[in-house]
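Let's take a walk through this model together, with an eye on charged side chains and on how helices meet. Please have the 3D view open as you read.

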Amino acid sequence: MDDSYKTSKEAFVSGATGSTIWHVNTICFVALASSSIALHAALCSRLAVFRSIPFFAEWLVLVIPLLLSMTVYADAPGALSALLLVPTAVLLLLPSGENGTPLPTNVDESGPGRVTSSDDRDNSLAFQSLLPPLAALSSYRAHMMLMTMLSILAVDFPIFPRALSKCETYGVSLMDIGVGSFVFSQGVVSAIPLLKDPFYVHKPLASKLVETLKKVAPVATLGIIRLVAVKGTDYPEHVTEYGIHWNFFLTLALLPLFEVITHRIIVRMPIAVLGLWIGVLHEFLLSFAGFKNFLLDTPRTNIISANKEGLISLLGYVSIHIMGLSIGMTVLPPKPSYFRKREAYITDGKKDKTNWDLTAPRQTTKIAAELSAYAIVWWVLLAFIRLRLDVSRRMANLPYILWTSAFNASFILGYCLLDMFFFPTRISRLKDPSDPTGKRFILECSGPESSSRAPRLLEAINKNGLVIFLVANVTTGLINLSVKTMYTSNGTALLILSGYALSICALAWLFRNRRLWKL
């Protein structure tokens, strides 16, 4: 790559001071207004012809609004949301489709209290291998992935406002929240093995570390490959993001290892409190142990100082990961208190009369209430902390941790509320005649069964998320090596970005029934 263009490109993506939290929120609100599950759900629940939407139509409804929100409508995202909400409001005037086929669900009529012996306990805990998917969470994670994949290429074009690119040291921006959201999302799904296997947190630390190391080794390998590729092609770098050699893949690979170390603590302490205390410790090290001065002022003279951003921010990302884990423990099981009560039953022998079946219907109202509480507390704490400290993704400091946590809890709540509104479920008092035990009732859905799932395109992206993200990164690099993006007109940029988005989504759609890489 031409040295002068490389220097200009590095300057083009550097020095940003960011936007406002309100601006970032309104841009991301387009995701809620455009699909999961507002416009998309309205189409599916009100019009029978849209209950099986073809790929291109889903791409137009789910992806193009996201691209427009960070480019053409970046300065007026509220107007775009309003445009998308108008057809949604019109569709809501139509009657909702009815589904005449109730779905069987495991609901024990004997209610909470069937755990009376060690054999009964083993039988009840055998249900843990089943964990029903949560459509709202699938939509949230896929939209987060889409926003990330779109922005990593869009930032290289002038059509993408500089206020939305990663801030140099302090500030808030769309790309800053994207990084934290990726980590938070990883923390949310990290709850799955802990819920499926009730004794996983009690396994020996060494064996869990070895097992986790095997799982994250491919991600770490990707980080090394990226390092070699960037250095080998003389690709433009923004060194103050993570350092000279560090990159985001290495951070992602290390976080599950740190989580495993905390397992003995989370059985005795609320997970969100642990995450917050880790954030407080990180802020103490930044402010009073010299970490901030080291990051901002120390020249890059050795391997440590060369990668000071990646190393120093790591503890902050551990905090975000644990905060995400706390939300995963809230939204994934049948009720928010599931994990805490089950651990009390296992470790302390408390006779808590609870049904441990993970396939039991989720108590969506309680889940929404707890999500609201988390979001409100974290927003209030953020407002208080920002009186003295500025948000810094580069340091992953306490304000950044609280902003990321409050933002993601709020948007997961938004997806859950939309799902509850468009596809409410209720349990009838009719017993399932196919169940010989006579203890299973009928779960009734108010809409079509297929509609209560996440949009198929979003499910496809979730199924192979890591592979899709890797392909997006490679494609971004190839486009930047082939096109001088910094000098591209807005019209050409939109065509390139649309083609890029269509290709990435087509790949996900092509392999929607097959997992390409299972970690």
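Is Arg342 buried or exposed? The model is a predicted one, and in it Arg342 has a relative accessible area of 0%, so this arginine is buried. Its sequence neighbour in the name list, Glu343, counts as buried because its relative accessibility is 1%. The side chains of Arg342 and Glu343 meet in a salt bridge, with 3.8 Å from N to O. As a general point, side chains of opposite charge can pair when their charged atoms come close.

That pair belongs to a wider set, for the structure holds seven salt bridges. Another of them joins the side chains of Glu241 and Lys166, at 2.9 Å from N to O. Glu241 sits in the loop between α11 (205–233) and α12 (248–261), while Lys166 sits in the loop between α8 (135–154) and α9 (174–189), so this salt bridge ties together parts that are 75 residues apart in sequence. Both ends fall under the 20% cut-off for burial: Glu241 counts as buried because its relative accessibility is 19%, and Lys166 is buried with a relative accessible area of 12%.

Next, please turn to Glu309. Glu309 forms a salt bridge with Arg394, and the closest N and O atoms are 2.8 Å apart. Here too distant parts of the chain are linked: Glu309 belongs to helix α17 (residues 308–331) and Arg394 to the loop between α19 (364–385) and α20 (398–422), 85 residues apart. Glu309 and Arg394 are both buried. Arg300 joins them, giving a network of salt bridges that links Arg300, Glu309 and Arg394.

Helix α17 brings us to a packing question: how do α17 and α19 lie relative to each other? Their axes are 9 Å apart and the helices pack at an angle of about 160°. Angles over 145 degrees count as roughly antiparallel, and α17 and α19 are therefore roughly antiparallel to each other. The crossing of α17 and α19 is right-handed. On the α17 side the contact is made by Met323, Ser326, Ile327, Thr330 and Val331, and on the α19 side by Ile367, Glu370, Leu371, Tyr374 and Trp378.

Finally, a look at the cysteines. How many disulfides does a search of the whole structure find? The search finds zero. Cys167 counts as buried because its relative accessibility is 2%, and Cys505 counts as buried, with a relative accessibility of 2%.

Methods
Residues are numbered from 1 along each chain as its sequence is written. This is a predicted model: local features need pLDDT of at least 70, side-chain atom pairs count only at pLDDT 80 or more; totals for chains, interfaces and linings use all residues. Side-chain values use heavy atoms; hydrogens and water are left out. A disulfide is a pair of cysteine sulfur atoms within 2.5 Å. Buried means under 20% relative accessible area, exposed over 50%, partly exposed in between (1.4 Å probe, protein chains only). A salt bridge is a side-chain nitrogen of Lys or Arg within 4 Å of a carboxyl oxygen of Asp or Glu. Helices (H or I, at least four residues) and strands (E, at least two) are DSSP runs, numbered from the N terminus. Axes are lines fitted to C-alpha atoms, for helices over the stretch in contact, and angles run from 0 to 180 degrees between N-to-C directions. Angles under 35 degrees count as roughly parallel, over 145 as roughly antiparallel, 65 to 115 as roughly perpendicular and the rest as oblique. A crossing is left-handed if the near helix is turned anticlockwise from the far one by less than a right angle, and right-handed if clockwise. Contact means heavy atoms within 4.5 Å.
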